[in-house]
Amino acid sequence: MKDRLLQIEKAALSEILSIKNKEAALEFKNRHLGRKGELTSLTKELGSIPPAERPAVGELINTIRGKIEERVNHLLTGFLNAEREQRLRAEKVDVTLPGRYLPLGKKHPITQVMDEVVKIFSGMGFAAAEGPEIETDYYNFEALNIPKDHPARDMQDTFYISGDYLLRTHTSPVQIRVMQAQKPPLRVIAPGKVYRRDSDVTHTPMFHQVEGFMVDESITFGDLKGVLSAFLHSLFREDMPIRFRPSFFPFTEPSAEVDIQCVICNGKGCRVCKGSGWLEVLGAGMIHPMVFKAVNYDAEKFTGFAFGIGIERIAMLKFGIDDIRLFFENDVRFLRQF
Ligand code: FA5
């Protein structure tokens with residue numbers, strides 16, 4: 001038994017010298033020191049030798065086990081250290097390398113203009129409201145004094161869905177929804193998407209409007225002019241010439257359209273303003289008594305004005321864009337300029 005043990009020791013210690021990596025070291029350790037290893041089975045055989053020899057043999061087994069264990073653990077530590085060092089070297093960050101360029105996203109030009117318009121009106125005390133894009137005939141037309149078969153329905157080519165439902169053609173139905181829910185005094189703006197069967201260089205089937213209205217006991221056309229002039233001068237420039245022109249909307253009386261001097265030719269007359277020197281930017285007027293009737297407001301007591309701004313139109317003028325469809329093609333070469 002003693003000879004066998006010394007032989008095992010010799011073989012194991014010489015094998016250790018040829019171990020080249022962690023896997024081989026683990027396999028070696030398991031084979032010699034594991035539960036099924038040679039030394040373990042010899043320990044089990046201790047019972048078959050004379051009792052007097054057992055302590056000495058037992059001690060020898062432990063000494064050999066200890067020696068092998070110490071050598072192989074030393075080897076393993078070396079492999080593990082080398083492995084860690086290699087990993088750290090691979091993870092090393094070169095802080096002197098130039099950074100990777102991540103292009104910054106920006107707000108769409110229409111959103112930029114929309115935000116600016118809302119900000120100017122918020123500054124004048126207007127609160128924002130919203131309404132649904134799928135509307136009923138009642139809110140989009142009827143309550144706004146446009147009964148069925150009224151020729152004014154032709155002013156806005158409508159996308160009908162089914163039955164009474166349609167895609168709203170303007171943000172004016174939000175006037176009705178807000179006035180049904182709240183009592184004057186009111187100062188509200190309602191930004192949102194609207195839809196019409198329309199498509200050319202100044203019209204798209206989906207576009208954005210900002211509705212605005214103010215209702216109280218003594219609101220006059222002078223207030224309308226004051227608020228809209230202040231708005232346009234703030235949005236464009238302080239000395240921008242503007243004009244109010246008589247117009248017609250079934251839900252306002254009197255009605256007006258507001259023009260600004262053509263930003264392309266500065267009023268001299270060009271292709272964009274069709275030689276007039278002026279560009280229309282919004283519709284407005286004093287809220288019609290029939291609209292107040294629809295929301296149960298006392299038209300003898302309250303007056304108010306309302307307006308609707310076409311945001312794409314404003315964006316075209318602000319940025320000098322001559323085809324509205326560019327805003328919706330999502331060509332990043334175009335969008336990157338804003
Ligand atoms: C209206 O939609 C009225 N609701 C505005 C209003 C509100 C008047 C409150 C009085 C009181 P109009 O159809 O003119 O009006 O449209 C308003 C603006 O939307 C136009 O001046 C124009 O700038 C813009 N617009 C109209 N159709 C299109 C379209 N297809 N594409 C892009 N912009 C459009």
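**Exercise 1. The ligand and its contacts**

How far from an oxygen atom of the ligand does a polar side-chain atom of Glu 280 lie? Place this contact among the others around the ligand, bearing in mind that the model is predicted.

Solution.

Step 1. The distance from a polar side-chain atom of Glu 280 to an oxygen atom of the ligand is 2.6 Å. The cut-off for a polar contact is 3.5 Å, and the pair in Glu 280 is at 2.6 Å.

Step 2. Look at how much of the ligand is covered. On its own the ligand has 680 Å² of accessible area, and the protein covers 95% of this.

Step 3. Add two further contacts. In His 170, an N or O atom of the side chain is 2.9 Å from a nitrogen atom of the ligand. In Gln 209, a side-chain N or O atom is 3.1 Å from an oxygen atom of the ligand.

Step 4. Put these residues in their setting. There are 24 residues around the ligand, and those that come nearest are His 170, Ser 172, Arg 196, Gln 209 and Glu 280.

**Exercise 2. The shell around the ligand**

Find which strand gives the most residues to the shell around the ligand, and describe the shell by class.

Solution.

Step 1. List the strands that supply at least two residues each: S6 (206-216), S9 (278-287) and S10 (303-310).

Step 2. Among the elements, S10 gives the most, with 4 residues.

Step 3. Sort the shell by class. It holds 12 polar, 7 nonpolar and 5 charged residues.

**Exercise 3. Two pockets**

In which pocket does the ligand sit, and what lines the second largest pocket?

Solution.

Step 1. The ligand is in the largest pocket. The space in this pocket is about 680 Å³. Its lining has 33 residues, and Arg 196, Phe 207, Gln 209, Phe 249 and Glu 280 are the closest to its centre.

Step 2. Several elements each give at least two residues to this lining: strands S6, S7 (242-249), S8 (252-261), S9 and S10, and helix H10 (311-319). The largest share, 5 residues, comes from S9. By class, the lining of the largest pocket has 13 polar, 12 nonpolar and 8 charged residues.

Step 3. Turn to the second largest pocket, which holds about 470 Å³ of space. It is lined by 16 residues, and the closest to its centre are Thr 202, Val 272, Lys 274, Leu 279 and Arg 313. S9 and H10 are the elements that give two or more residues to this lining. Its classes are 9 nonpolar, 5 charged and 2 polar.

**Exercise 4. The largest cavity**

Which residues line the largest cavity?

Solution.

Step 1. The volume of the largest cavity is about 30 Å³.

Step 2. Its lining consists of Ile 146, Ala 152, Met 155, Gln 156, Phe 249, Pro 250 and Phe 251.

Step 3. By class this gives 6 nonpolar residues, 1 polar and no charged.

**Exercise 5. Backbone exceptions**

Locate two cis peptide bonds and a residue with a positive phi.

Solution.

Step 1. Recall the usual case. Most peptide bonds are trans, and most residues other than glycine have a negative phi.

Step 2. Pro 184 and Pro 185 are joined by a cis peptide bond with omega about 0°. Pro 185 is in the loop between helix H7 (173-181) and strand S5 (186-195).

Step 3. The bond from Glu 253 to Pro 254 is also cis, and its omega is near -5°. Pro 254 belongs to strand S8.

Step 4. Asn 266, which is not a glycine, has a positive phi of about 50°. Asn 266 is located in the loop between S8 and S9.

How values were computed: Residues numbered from 1 in each chain as written. Predicted model: local features only at pLDDT ≥ 70, side-chain atom pairs only at ≥ 80, totals over all residues. Heavy atoms only, no water. Near = heavy atom within 4 Å. Polar contact = N/O pair within 3.5 Å; in protein donor to acceptor, adjacent residues only side chain to side chain. Areas by Shrake-Rupley, 256 points an atom, 1.4 Å probe, with all protein chains shown as cover. 1 Å grid on protein atoms, 1.4 Å probe; cavity = no way out; pocket = protein on both sides within 12 Å on 5 of 7 lines; lining within 4 Å. Sits in = over half its atoms within 2 Å of the grid points. Nonpolar A, V, L, I, M, F, W, Y, C, P; charged D, E, K, R; others polar. Points joined across faces, edges and corners; volume = space filled by probe spheres on them.
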